[in-house]
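Subject: Structure for you to look over

Dear colleague,

I am passing on the structure that we spoke about, with the sequence alongside. Please open both before reading on, as my notes follow below.

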Amino acid sequence: MLVILAYVLIGFGLGKRCFDVFGHDSGDMAAFDHMMWHSSHGRLFHCSVMLYDEHTKPVSMLALHSSYFWVFLMPVYALFPGMTTLLFLQSLALGLAAIPMYLIVRWAFQNEWAAVFFSTAFLLLPPVISQHVNQVEEPSFLPVFLLYVFLFFLQRRFGAFLLMALVSC
């Protein structure tokens, strides 16, 4: 657990530093921040930085990224609004993905050391690490849920499997 905590804090620190230097370096990063802000103020999935109809009318983020996953993050964002919150939640989700990875490997190999090795190796994969400094988007939040989907499939826990599969959609 200390490895996960250190990973989350270091990843968040890197992402925050990158954001402090470059700001909203992509349209998506700004769009998700605006969408979360508007959603926490009663206009669900409204985005003021993305326009349609010859660039005059605001668009719903559901028209561009049809992901309802953001609803789960909205209460946290409402308490702590800002890009920093989204960066932290992304780092937390990436770090927590090590838990189902650990459980899968421990279940499959019946070996604690193999589970620690593979869950740590997962966290250190360049595509996973790069998500801390890249941008905030839905795919960064999915590994934790998809790994639980796989774990519950292996364990033949159909109810938990369906729940995690629905959350990951």
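Since helices are mentioned throughout, a definition comes first: helices are DSSP runs of H or I with at least four residues, and they are numbered from the N terminus. Please also bear in mind that this is a predicted model.

**The cavity**

The structure holds one cavity of 30 Å³ or more, and the volume of the largest cavity is about 30 Å³. Its lining is made up of Gly15, Cys18, Phe19, Met29, Leu87, Gln90, Gln131, His132, Val133, Asn134, Gln135 and Val136. At least two residues of this lining come from each of α1 and α5, and α1 is the element that gives the most, with three residues. In character the lining of the largest cavity is divided between six nonpolar and six polar residues, with no charged residue.

**The two pockets**

Turning to the open spaces, the largest pocket has a volume of about 190 Å³, and the residues that line this pocket are Met1, Val3, Ile4, Ala98, Ile99, Tyr102, Val116, Ser119, Thr120 and Leu123. Two or more of these lining residues are supplied by each of α1, α6 (98-109) and α7 (112-123), with α7 giving the most, namely four residues. Eight residues of the lining of the largest pocket are nonpolar and two are polar, while no charged residue takes part.

The second largest pocket, for which the computed volume is about 160 Å³, is lined by Phe69, Phe72, Leu73, Leu89, Leu92, Ala93, Leu96, Phe141, Val144 and Phe145. Here the elements that contribute two or more residues are α4 (70-79), α5 (83-96) and α9 (142-154), and α5 contributes the most, with four. The ten residues of the lining of the second largest pocket are nonpolar, with no polar and no charged residue among them. Helix α5 therefore appears in two of these linings, as it supplies at least two residues to the largest cavity and, by the DSSP runs that define the helices, four to the second largest pocket.

**The nonpolar surface patch**

On the outside, Leu2, Leu5, Leu9 and Phe88 make a nonpolar surface patch of about 400 Å². Helix α1 (residues 2-22) provides the largest share of this patch, with three residues. Why can Leu9, which is placed in helix α1, be counted as partly exposed? The reason is that its relative accessible area is 48%, and partly exposed covers the range between under 20%, which is buried, and over 50%, which is exposed.

**Salt bridges**

Side chains of opposite charge can pair when their charged atoms come close. With a limit of 4 Å between a side-chain nitrogen of Lys or Arg and a carboxyl oxygen of Asp or Glu, the count comes to two salt bridges.

One of them joins the side chains of Lys16 and Asp20, with an N to O distance of 2.9 Å. Both residues lie in helix α1, where they are four residues apart, or about one turn of the helix. Lys16 is partly exposed, at a relative accessible area of 26%, and Asp20 is likewise partly exposed, at 46%.

The other salt bridge is formed by Glu112 with Arg106, and the closest N and O atoms of this pair are 3.8 Å apart, a distance that falls within the 4 Å limit. Glu112 has a relative accessible area of 41% and is partly exposed, as is Arg106, with a relative accessibility of 34%.

**Two backbone angles to check**

Which residues other than glycine have a positive phi? One of them is Gln110, with phi near 55°, which sits in the loop between α6 and α7 and is exposed, with a relative accessible area of 65%. Another is Arg156, with phi near 60°, found in the loop between α9 and α10 (158-168); at 76% relative accessibility, Arg156 also counts as exposed.

With kind regards

Notes:
Residues numbered from 1 in each chain as written. Predicted model: local features only at pLDDT ≥ 70, side-chain atom pairs only at ≥ 80, totals over all residues. Heavy atoms only, no water. Patch = residues over 30% accessible without salt bridge, like charges linked within 9 Å, V, L, I, M, F, W, Y side chains within 5 Å. Areas by Shrake-Rupley, 256 points an atom, 1.4 Å probe, with all protein chains shown as cover. Buried < 20%, exposed > 50% of the residue type's maximum accessible area, 1.4 Å probe, protein only. 1 Å grid on protein atoms, 1.4 Å probe; cavity = no way out; pocket = protein on both sides within 12 Å on 5 of 7 lines; lining within 4 Å. Points joined across faces, edges and corners; volume = space filled by probe spheres on them. Nonpolar A, V, L, I, M, F, W, Y, C, P; charged D, E, K, R; others polar.
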